[in-house]
Amino acid sequence: MSIECFNLSKHYGKKEALNDVSLVIPEGRITGLIGPNGAGKSTLIKLITGLVYPTSGTVRIDGFDSMGQHLEAMNRLGAVVEWPSFYPDLSARRNLAILSGGYGRKYEAKVEEVTSFLGIRNVLDRRTGTFSTGMKQRLGIALALLPDSKYIILDEPANGLDPSGIVEIRDLIRECNRRSGVTVLVSSHLLSEIELICDNVVMLVNGRLCAAGPLKELLGSSNRYRIIVPEPDRCFAFLQRAWEEKRLFLSAPPQQFREEIVLSLEREAAPEALSTELFRNGFALSHFARESESLEEFFISQSRTLRGEK
Ligand code: ATP
C-alpha cells in the first residue's frame, strides 16, 4: 500500500497545471518532488492532500480514494503545505491541540515525544507569534507527525530558513524517516538538499511527469565519462574539434581538469565506440569511467530535453 496517483490532471480554468500524471510514492522512503517554477508541484501536493479536486484521475492512499473516502485517506496523512500558519496569540501547545483536534493522555504523551524529538518541547507554552521561521517549521512538522501519520508531506520545508536551519530540518526529516519508517514526500527547489536526503525523486515539468525513480538509478543513467590519457592537452584539442564538427556522439563540449577530461555522450551512444575512436587516433586511455551526474545536472538536462534543446 502506498500513495498512488492515477492519470491525474488538474485545470485551473484554461490553465493546465497537471496533465495525466501517474505515479507511486514508495513506502518507507523519502521521495523528493522537484521541477521548475510552475511545474505543478504544489498542485500535485494539494491533490494528494485533498485540498483541491482533480479535473480527472484519482489519488489513493493505502487504497482509499482521497476524494470519495476522504477521511480514511487523510487519517494516514500528515502534511505541511506551504507556510505553516498558527494562531499567533496562542501557545504552541494550544495551537497543536486546536489544529490536530487531539486530546487525552495518549495525545499529550505523543505531544511530549514529538516535540522533544523536534527540539521544541521547551517552547510549547510560548505564543507562536514570537517563534522564528525555523521554530514554526518544526511546529508544522510536529503537527504532521502527531496523528501517527504513515505518510508526511512537506511543501518546501526549507523555505525562509538560514543555512543552519536548513541543515537542522534536513536532519529532522531523515531522523523522522529512520525512527518511525514514515514515508515522506518533500518538495524543494534546493536540489542539493533533495540529493542529500531523498532515496527517490519525482520530477515534473510543465505539469507532466518527466522522471520518477530511485535517485541512484536516475543519476546513474547519465552518459558522462572521465578519461585519463598520456597527452591530455593534445587529446582535449582533438575532442574540442570533434565537438565543433559534431562528431563522436558528444552532447556537450569536453571539459579538461589537469590530466583528466570529462565527456558527455548522447544518451544512446555506446562508450566503447568512443574509446575505439580515440585509440585509432593515437590516444590510449589509461582510465575510462562513467561519472555520476549531480541532481542539478540531471534537472537541467531533463528540462532541456523537454524543451527540445540538445
Ligand atoms: P513553484 O515552484 O513556482 O511553486 P509549482 O511547481 O508548485 O511552482 P504550481 O503552483 O502547482 O507549480 O502551479 C502550476 C501552474 O498552475 C502554474 O502555471 C500556476 O500559475 C498555475 N496555478 C496554480 N494555482 C492556480 C490557481 N489557483 N489558479 C490559476 N492557476 C493556478
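Let me begin with a definition: a residue counts as near a molecule if one of its heavy atoms lies within 4 Å of that molecule. This is a predicted model, and I would like to start with its ligand. By that cut-off, the residues around the ligand are Y12, K15, A17, P36, N37, G38, A39, G40, K41, S42, T43 and H189.

What is the make-up of this shell in terms of nonpolar, polar and charged residues? The shell divides into four nonpolar residues, six polar ones and two charged ones.

Turning to individual atoms, the side chain of K15 places a polar atom 3.5 Å from an oxygen atom of the ligand, and a polar side-chain atom of H189 comes to 2.9 Å from a ligand oxygen. With S42 the backbone is involved, since one of its polar backbone atoms is 2.9 Å from an oxygen atom of the ligand. As for the area covered, the ligand taken alone exposes 630 Å², and the protein buries 60% of that. Two elements give two or more residues to the shell, namely β2, residues 15–25, and α1, residues 41–48. The largest share, three residues, comes from α1.

Those two elements lead us to the sheet that contains β2. This is an open sheet of four strands in the order β2-β1-β4-β5, and the pairing is antiparallel. At the edges stand β2 and β5, the latter spanning 64–65, and because each has a single partner strand, one side of each is left without a neighbour in the sheet. Within the sheet, β1, residues 3–12, pairs with β4, residues 56–61, in the antiparallel sense over five bridges, and S9 stands opposite S56 in β4. The helix α1, which we met in the ligand shell, lies across β1, β2 and β4 and runs at about 120° to β1.

Next comes a hairpin. Strand β9, residues 200–205, and strand β10, residues 208–214, pair antiparallel over six bridges, with V202 standing opposite A212 in β10. Two residues lie between the strands of this hairpin, and N206 takes a positive phi near 50°.

Let me now move to another open sheet, again built from four strands, whose order is β12-β13-β11-β14 and whose pairing is antiparallel. Its edge strands are β12, residues 255–257, and β14, residues 287–291, each of which pairs on one side only. From one strand to the next the twist averages 25°.

Inside this sheet, β11, residues 224–228, is joined to β13, residues 260–264, by five bridges, and the two strands run antiparallel. One of the paired positions is I228, whose bridge partner in β13 is E260. Helix α9, residues 232–244, packs on the sheet, where it touches β11, β12 and β13, and its direction makes about 20° with that of β13. A further helix, α10, residues 271–280, lies across β11, β13 and β14 and runs at about 150° to β14.

I will close with one residue of strand β11, R226. Which side chain makes a polar contact with the side chain of R226? That partner is E260, at 2.5 Å, and E260 is also the residue that we saw as the bridge partner of I228. Leaving aside neighbours within four places in sequence, R226 is in contact with F257, E260, I261, V262, H287, F288, A289 and E291.

Terms used: Residues are numbered from 1 along each chain as its sequence is written. This is a predicted model: local features need pLDDT of at least 70, side-chain atom pairs count only at pLDDT 80 or more; totals for chains, interfaces and linings use all residues. Side-chain values use heavy atoms; hydrogens and water are left out. A polar contact is a pair of N or O atoms within 3.5 Å; within protein, one must be able to donate a hydrogen and the other to accept it, and residues adjacent in sequence count only if both atoms are side-chain atoms. Accessible areas come from the Shrake-Rupley method with a 1.4 Å probe; for residues, only the protein chains shown count as cover. Ala, Val, Leu, Ile, Met, Phe, Trp, Tyr, Cys and Pro count as nonpolar, Asp, Glu, Lys and Arg as charged, and the others, Gly among them, as polar. Two strands pair if DSSP finds at least two bridges between them. Axes are lines fitted to C-alpha atoms, for helices over the stretch in contact, and angles run from 0 to 180 degrees between N-to-C directions. Contact means heavy atoms within 4.5 Å.
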